[in-house]
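Trainee: I'd like to practise backing up structural terms with numbers. Can we go through one together?

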Protein chains: 2
Amino acid sequence: MAECSEFELIARYLTGLGAARADVELGVGDDAAIVRGDHGRCVFALDTLIEGVHFPADLPAAAVGYRALAVNLSDMAAMGASPLWALMGLTLPWVDEDWVAAFAKGIDGIARAHGVAIIGGDVTRGPLGVSLQITGSVDSPLRRDGAQAGDQLWVSGRPGEAAAGLALWQANQRHQPASQGLVQAFCYPRPKIALGQSLAGIATAAIDVSDGLAADAGHIAEQSHLAVVFERAACRASARLIAQVGLNQAQAYWLGGGDDYELCFSASAAARPAVEAAARQARTAVRPIGWLREGQGVWLDDQRLAPGQQAGYQHFGQA
Amino acid sequence: MAECSEFELIARYLTGLGAARADVELGVGDDAAIVRGDHGRCVFALDTLIEGVHFPADLPAAAVGYRALAVNLSDMAAMGASPLWALMGLTLPWVDEDWVAAFAKGIDGIARAHGVAIIGGDVTRGPLGVSLQITGSVDSPLRRDGAQAGDQLWVSGRPGEAAAGLALWQANQRHQPASQGLVQAFCYPRPKIALGQSLAGIATAAIDVSDGLAADAGHIAEQSHLAVVFERAACRASARLIAQVGLNQAQAYWLGGGDDYELCFSASAAARPAVEAAARQARTAVRPIGWLREGQGVWLDDQRLAPGQQAGYQHFGQA
């Protein structure tokens with residue numbers, strides 16, 4: 001029997017569990033859940049990182065700690081939310097005090113930089129991994145399902161660099177001077193909190209790029225019941241990515257590489273000046289890369305990309 | 001070098017991480033963290049269960065799902081809180097759809113019974129484990145650090161049965177009719193939500209019994225800067241526990257066995273009628289088992305128990 005993907009597992013068995021509560025505005029299926037209280041909305045996300053699956057076994061402890069919070073902050077960014085509090089479940093195969101001290105320093109630094117308090121959690125014995133849960137607040141959440149036909153598709157930063165950085169890391173080329181920028185993009189991704197907040201009321205949908213740009217834009221399209229079209233002419237990998245891996249591989253990373261934690265979002269064509277102003281305010285580079293249209297699927301100009309061609313990261317095999 | 005315990009790890013490296021936020025009323029170190037908003041307090045807890053560490057590899061999937069939420073509900077009970085929303089990080093070595101369906105059914109049932117919505121989470125590939133985070137609301141939280149010298153110490157239910165149930169499970173005696181009650185106590189612990197809520201304003205401190213009664217009462221004592229004394233005459237294991245494992249082993253389980261998820265709490269001697277009324281209202285049996293006094297440590301009458309004699313569950317070795 002073919003294995004189903006984690007998306008199918010979640011859709012079939014893990015959606016809508018528990019009580020139906022009137023205060024839950026958005027449950028499973030977006031970057032974060034939204035609950036509505038008397039005083040506004042809170043958003044909740046949880047991400048798990050497992051050694052050897054989500055990060056290489058030889059990644060420095062400080063980068064593991066940084067990453068555990070960064071990927072959750074990125075979920076807050078994709079909702080346009082302000083992060084507040086986090087809880088951490090840390091599973092360790094044994095006690096290595098130096099490792100734990102460096103891990104703690106890594107998470108502490110990024111938490112302070114974003115005003116997040118680590119308020120609790122759990123430490124257990126087992127295979128190395130971290131589950132981190134974050135709570136934030138938001139007025140106008142950016143959901144995945146709000147894109148309209150005709151909207152432009154945008155992305156921040158330099159997609160593909162993190163995937164190339166991971167490949168360089170795994171190929172033991174991490175210390176070469178020319179690799180540093182890409183390795184850094186993998187080890188210390190910068191969640192786009194300010195950009196997410198400044199896009200509130202401007203973007204019609206948003207997602208963070210964790211699985212890969214094509215796959216993640218595909219989630220916006222699917223949940224908005226639309227097709228997404230990448231303009232081939234706009235698929236421009238960064239100069240240092242092309243210099244390091246060549247044009248063809250750079251474009252493959254650009255479209256399919258995960259772990260960037262950039263924001264991919266949609267906005268009406270008329271909102272282009274507002275998008276550009278919001279990006280300037282957040283001091284974050286953004287670029288239009290395509291559009292949404294009636295239909296379904298992920299397209300590169302007039303060529304539809306099969307799920308395998310999108311090459312987004314999935315933890316389990318595809319049927 | 002001696003390994004430090006998880007309590008020492010947390011105290012040395014994992015406390016006070018991130019920003020110092022004025023809205024955090026209680027951080028790392030209790031059953032749950034407390035944050036204060038405009039409209040009251042929210043409590044946050046996160047617990048991780050790892051196969052082979054927190055549950056046997058052959059525990060049915062439904063019991064794993066049930067347990068993942070039950071241990072977190074128990075943290076809400078120990079705070080006197082009302083549980084609201086949960087997020088779940090599920091790590092699976094491979095896709096076994098039947099297992100996931102049964103797991104989902106287990107968590108769904110207990111979530112509905114307590115009005116909790118499962119609003120999000122993450123599914124990843126890796127060694128089998130679940131990290132579950134829960135949020136609740138509370139007016140008058142029950143903390144660990146509020147016990148006063150002279151307070152009585154109480155416990156709900158029948159401590160020790162779960163530890164005996166686990167031993168019977170591991171000894172393959174799980175199907176014997178006489179084992180059923182104890183095995184059930186391990187597989188389906190019942191979080192004491194109603195009791196915790198009814199003790200608000202009555203109990204001075206509370207904790208749930210996860211590590212073992214002596215160890216957990218010791219946490220109340222330590223955080224309240226007191227000693228806790230168990231009265232030997234009050235150390236009464238249940239009849240079915242004694243019948244199954246004998247008097248001596250039953251008393252050892254009573255004092256040192258973990259996984260009960262009963263509530264252990266303190267209250268002034270004058271509050272005894274109020275405690276008994278609260279327990280009746282919650283339809284939960286409670287019993288006085290000792291008291292708090294000036295000093296430190298965990299005592300059985302006039303004999304001080306060393307940490308090894310408390311036999312609480314710890315994931316890492318003791319120095």
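Mentor: Sure. Chain A superposes on chain B by a rotation of 180° with 0.0 Å of shift along the axis, and the RMSD is 0.0 Å. The fit is by least squares on C-alpha atoms of residues with pLDDT of at least 70 in both copies. This is a predicted model, where local features need pLDDT of at least 70, side-chain atom pairs count only at pLDDT 80 or more, and totals for chains, interfaces and linings use all residues. Residues are numbered from 1 along each chain as its sequence is written, while chains are lettered from A and ligands numbered from 1 in the order in which they are written.

Trainee: What makes the two copies related as by a two-fold rotation axis?

Mentor: The rotation is 180° with 0.0 Å of shift, so the copies are related as by a two-fold axis. The same surface serves both, too: 100% of the contact residues of chain A recur in chain B (contact means C-beta atoms, placed from the backbone, within 7 Å).

Trainee: Why is chain A called as compact as a globular protein of its length?

Mentor: Take the radius of gyration over C-alpha atoms and compare it with the globule rule, 2.2 Å times the number of residues to the power 0.38. Chain A has 19 Å, close to the 20 Å the rule gives for 319 residues, so the description fits.

Trainee: How many residues of chain A count as buried?

Mentor: It's 57% of the 319 residues. Buried means 20 or more other C-beta atoms within 10 Å of the residue's own, exposed means 12 or fewer, and partly exposed is in between, with C-beta atoms placed from the backbone.

Trainee: Over in chain B, how do you know that E9 and E12 pair?

Mentor: Strands are DSSP runs of E, at least two residues long, and helices are runs of H or I, at least four, numbered from the N terminus. Pairing needs at least two bridges found by DSSP. E9(B) and E12(B) have 4 and run parallel, with Val228(B) bridged to Val298(B). Val298(B) also stands opposite Leu305(B) in E13(B), and 3 bridges join E12(B) to E13(B), which run antiparallel.

Trainee: What makes E8 and E13 of chain B edge strands?

Mentor: The open sheet has 7 strands in the order E8-E10-E7-E11-E9-E12-E13, with mixed pairing. E8 and E13 of chain B each have a single partner strand, so one side of each lacks a neighbour in the sheet.

Terms used: Two residues are in contact if their C-beta atoms, placed from the backbone, lie within 7 Å.
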